[in-house]
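Here are my notes on this chain, set out point by point. Please read them with the structure open.

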Amino acid sequence: MPKSGFVVMIGRSNVGKSTLLNALVGSKIAITTPKPQTTRLPIQGIVTRDDGQIVFIDTPGVLKGAHDALSKKLGQMVRASLEHVDVVAYIVDPTREIGDEEREVMRLLESIDQPKILVINKMDIDRKPFLDFYKDLSANFTRAVEVSALRGTHVGSLIQTIFELLPEGEPYYPDNQLTNVPNAFWLSEIIREKLFLRLRQEVPYTTHVEVQEVEERENGMIYIAATIFTTEERYKRMIIGAKGVGIKEIGQSVRHELELAMDAKVFLDLTVDVDPHWMQRFE
Ligand SMILES: Nc1nc2c(ncn2[C@@H]2O[C@H](COP(=O)(O)OP(=O)(O)OP(=O)(O)O)[C@@H](O)[C@H]2O)c(=O)[nH]1
Ligand SMILES: [Mg+2]
């Protein structure tokens with residue numbers, strides 16, 4: 001009898017949850033950046049082996065002390081995603097100090113009945129002042145593993161560990177499916193990643209991307225029309241940049257990545273627009 005189930009990945013912002021998801025699935029389905037709160041919606045990554053199927057759910061980092069509607073909504077999504085899962089993977093970063101945000105996540109974990117795996121990530125980094133703290137914590141968990149999501153180290157043994165803990169069951173998805181992310185959403189995520197990588201401080205957090213059109217043209221070229229919404233005129237100017245250089249560079253890096261991923265020529269029609277109310281759509 002094969003095994004199957006849902007594994008939610010929780011942890012503070014920036015510990016590498018999305019990087020780990022990509023490493024587990026073996027394909028870039030979630031965007032990753034050095035900035036906190038990159039992930040906004042739970043994204044599922046699917047791993048199918050002879051043993052069965054694991055559906056991973058990547059969640060937004062839990063941010064402590066953030067009171068705006070978007071952050072609250074993110075927190076609610078994390079709590080809601082804990083309810084119907086078979087295993088919880090708690091991802092930690094031994095290079096960073098334990099702060100309020102971390103304590104918040106640990107509190108959240110205490111009330112969970114499912115098996116819990118402590119995943120100590122970023123083991124490739126030499127200086128890990130908080131490694132011992134997390135090693136001591138392992139006693140409170142069903143299992144503990146040390147990985148490097150970036151290098152892919154011990155990601156296979158994490159998958160094995162999860163299979164040991166999963167219940168028997170049939171797969172939820174066809175065995176060739178890697179994610180639940182629809183194409184348009186994935187495209188908008190790639191655009192958002194480039195915005196995060198290029199823009200400073202608060203600007204990327206004011207943005208939201210919508211893909212209006214994806215069309216394959218006769219010559220095999222893929223035409224994509226998308227709009228970057230931001231909340232204020234001055235942010236729009238910052239995104240566009242002097243003489244349009246900013247948006248041009250963002251467009252180029254998006255196109256470059258899409259062409260590699262889709263193995264086709266891409267024509268990207270990227271617009272920047274102001275919508276002061278886009279965040280309300282998350283409420
Ligand atoms: N050195 C090293 N860096 C890593 C590793 N895993 C992730 N990172 C880096 O850590 C940063 C954050 O990674 P993400 O995967 O976006 O983190 P996240 O937990 O999904 O963050 P949020 O979506 O904001 O909650 C990125 O710059 C990654 O490249 C790792 O194993 N080793
Ligand atoms: Mg993420």
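1. Helix 6 against helix 8. On the helix 6 side, the contact is made by Ile-190, Ile-191, Lys-194, Leu-195 and Arg-198. They meet Glu-249, Ile-250, Ser-253, Val-254, Glu-257 and Leu-258 of helix 8. By class, the contact residues divide into 6 nonpolar, 1 polar and 4 charged. Note that the model is predicted; this applies to every point below.

2. Geometry of that pair. Helix 6 covers residues 183–198 and helix 8 covers residues 245–262. Their axes come within 9 Å and cross at roughly 135 degrees. Angles over 145 degrees would count as roughly antiparallel, and 65 to 115 as roughly perpendicular. Helix 6 and helix 8 are therefore oblique to each other. The crossing is right-handed.

3. Spacing along a helix. An α-helix has 3.6 residues a turn, so residues three or four places apart point the same way. Keep this in mind when viewing the contact lists. In helix 6 the list includes Ile-191, Lys-194 and Arg-198. In helix 8 it includes Ile-250, Val-254 and Leu-258.

4. Arg-198. This residue lies in helix 6. Is Arg-198 buried or exposed? Neither label fits: Arg-198 is partly exposed, because 16 other C-beta atoms lie within 10 Å, while 20 or more are needed for a buried residue. Leaving aside residues up to four places away in sequence, Arg-198 touches Glu-249 and Ile-250. Its C-alpha atom is separated by 9.7 Å from that of Ile-247, a residue 49 places away along the chain.

5. The chain as a whole. There are 8 helices and 9 strands. The radius of gyration is 20 Å, close to the 19 Å that the globule rule gives for 283 residues, so the chain is as compact as a globular protein of that length. The C-alpha trace spans about 55 × 45 × 40 Å along its principal axes. Buried residues account for 36% of the 283. Take contacts between residues at least 6 apart in sequence: 70% of them join residues at least 24 apart.

6. Helix 5 and its cover. Helix 5 runs over residues 155–165, and its buried residues are Val-155, Leu-158, Thr-161, Ile-162 and Phe-163. Which elements cover them? Among them are strand 1 (3–10), strand 3 (52–58), strand 4 (87–92), strand 5 (116–120) and strand 6 (143–146). Helix 1 (17–25) also contributes to the cover.

7. Met-9. Strand 1 holds this residue. Met-9 counts as buried because it has 29 C-beta neighbours inside 10 Å. Not counting residues up to four places away in sequence, Met-9 touches Lys-17, Leu-20 and Leu-21. The list continues with Phe-56, Ile-57, Asp-58 and Thr-59, and ends with Ala-89 and Ile-91. The C-alpha atoms of Met-9 and Tyr-90 are separated by 6.0 Å, although the two residues are 81 apart along the chain.

8. Glu-104. This residue belongs to helix 3, residues 100–110. Glu-104 is partly exposed, since it has 16 other C-beta atoms within 10 Å. Its C-alpha atom and that of Leu-21 are separated by 22 Å, with the two positions 83 residues apart in numbering.

9. Lys-122. Check the backbone here. Phi is near 60 degrees, a positive value in a residue other than glycine. Lys-122 sits in the loop between strand 5 and helix 4 (131–137). Is this lysine buried or exposed? Lys-122 is buried, because 22 other C-beta atoms lie within 10 Å.

10. Lys-243. This is another position to check. Lys-243 is not a glycine, yet phi is positive, at about 55 degrees. The residue is in the loop between helix 7 (233–240) and helix 8. Lys-243 is exposed, because it has 7 other C-beta atoms within 10 Å.

Technical notes: Residues numbered from 1 in each chain as written. Chains lettered and ligands numbered in written order. Predicted model: local features only at pLDDT ≥ 70, side-chain atom pairs only at ≥ 80, totals over all residues. Helix = DSSP H or I, 4+ residues; strand = E, 2+ residues; numbered from the N terminus. Rg over C-alpha atoms; globule rule 2.2 N^0.38 Å. Buried ≥ 20, exposed ≤ 12 C-beta atoms within 10 Å, placed from the backbone. Contact = placed C-beta atoms within 7 Å. Axes fitted to C-alpha atoms, helices over the stretch in contact; angles between N-to-C directions. Parallel < 35°, antiparallel > 145°, perpendicular 65-115°, else oblique. Left-handed = near helix turned anticlockwise from the far one by under 90°. Nonpolar A, V, L, I, M, F, W, Y, C, P; charged D, E, K, R; others polar.
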